[in-house]
Amino acid sequence: MNLEKRKKRKKRRTSRKIIKRRVLVLVVIVILSCLIFHNNKAKKVLPANAENSLKKSVATPKKVTLKPKLKPPTADFYRLIYKSDGHKIAYLSFDDGPSANNTPVILKTLDKYNIKATFFIVGNMAIKYPDLVKKELAAGHSIGNHSYSHNYNYIYSNTNTFMSDINKCDTILKSILGSNFSTKLVRFPGGSFGGKLKPFRESLNSAGYNYVDWNDLTGDAEGQDIPVSKLLSNLKKNTEGKDHVVILMHDFFTKSTTAQALPQVIEYLKSQKYSFKTLN
Ligand SMILES: [Zn+2]
């Protein structure tokens, strides 16, 4: 009987031990599973977070530098004109007109070659020859503002007189070409160069105007009745090596040799594979 009892006890102990072991194994399995699960989860989340934070740390300063600054409109305009695009482009421009003698000759030549140019009009000349301004626009040329008075001492005395002179020319152009006509294109009399004109450039840009100077010229402002041959040699010298040329010329009444030289100017540019565009 005793033996029987012992055997039973032993059996119970053994089965308890087995149960204990099984429970222990189960607990270990559960703990291990939990650990593996958390580890995997962490592995999945952490790199993504790390990547995001990396992205942020890289992207944030980039965003700051790439954030478009408030640029003057002229900066974009210049990029448009001068940005190299593998083409040779010539922008013919005529300042200080219109004039009764030279503007019609220039218009006729441009028409003959079917080329469009840009005329920077002086307001007090436009009043004298409104029909020529209308003719320029009707022929598809671009019209720019070259101030009303073209009087350096007056317009560059301060930015207020400058802006009022520019606006006065604008009013004249609208009165001739209709209230729907609008040009935001200005050429500074004498050019916009130099530190002294910085406030004038800023005033103009603040008022929404673009201005454009030139990177090529025939030199017709350097004297009166400059021979055609000299204008052409100047042009060739100043055009060399440039893909985009904004060419300064004048249709003022004293610039007859400019009008005479124009066919040869065009022929030369064509021979150099330039195509023609207007500034606007
Ligand atoms: Zn001028």
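Q: Leaving aside its neighbours within four places in sequence, which residues is I247 in contact with?
A: This is a predicted model, in which local features need pLDDT (the predictor's confidence in each residue, from 0 to 100) of at least 70, side-chain atom pairs count only at pLDDT 80 or more, and totals for chains, interfaces and linings use all residues. Residues are numbered from 1 along each chain as its sequence is written. Contact requires that the C-beta atoms of two residues, placed from the backbone, lie within 7 Å. With neighbours within four places in sequence set aside, the contacts of I247 are A90, Y91, L92, S93, W214, D216 and L217.

Q: From which helix does the largest share of the largest nonpolar core come?
A: A nonpolar core is a set of buried Ala, Val, Leu, Ile, Met, Phe, Trp, Tyr and Cys residues joined through C-beta atoms within 7 Å. The largest one has 50 residues, and I247 is among those that touch the most other members. Its largest share, seven residues, comes from helix α7.

Q: Is S147 buried or exposed?
A: S147 lies in the loop between β3 and α6, and its phi is positive, near 80°. A residue is buried if 20 or more other C-beta atoms lie within 10 Å of its own, exposed if 12 or fewer, and partly exposed in between. Because 25 other C-beta atoms lie within 10 Å, S147 is buried.

Q: Which residues in α10 do N102, V105, I106, T109 and Y113 in α3 meet?
A: Helices here are DSSP runs (H or I) of at least four residues. The α3 residues N102, V105, I106, T109 and Y113 meet, in α10, S256, T258, A259, L262, P263 and I266.

Technical notes:
Helix = DSSP H or I, 4+ residues; strand = E, 2+ residues; numbered from the N terminus.
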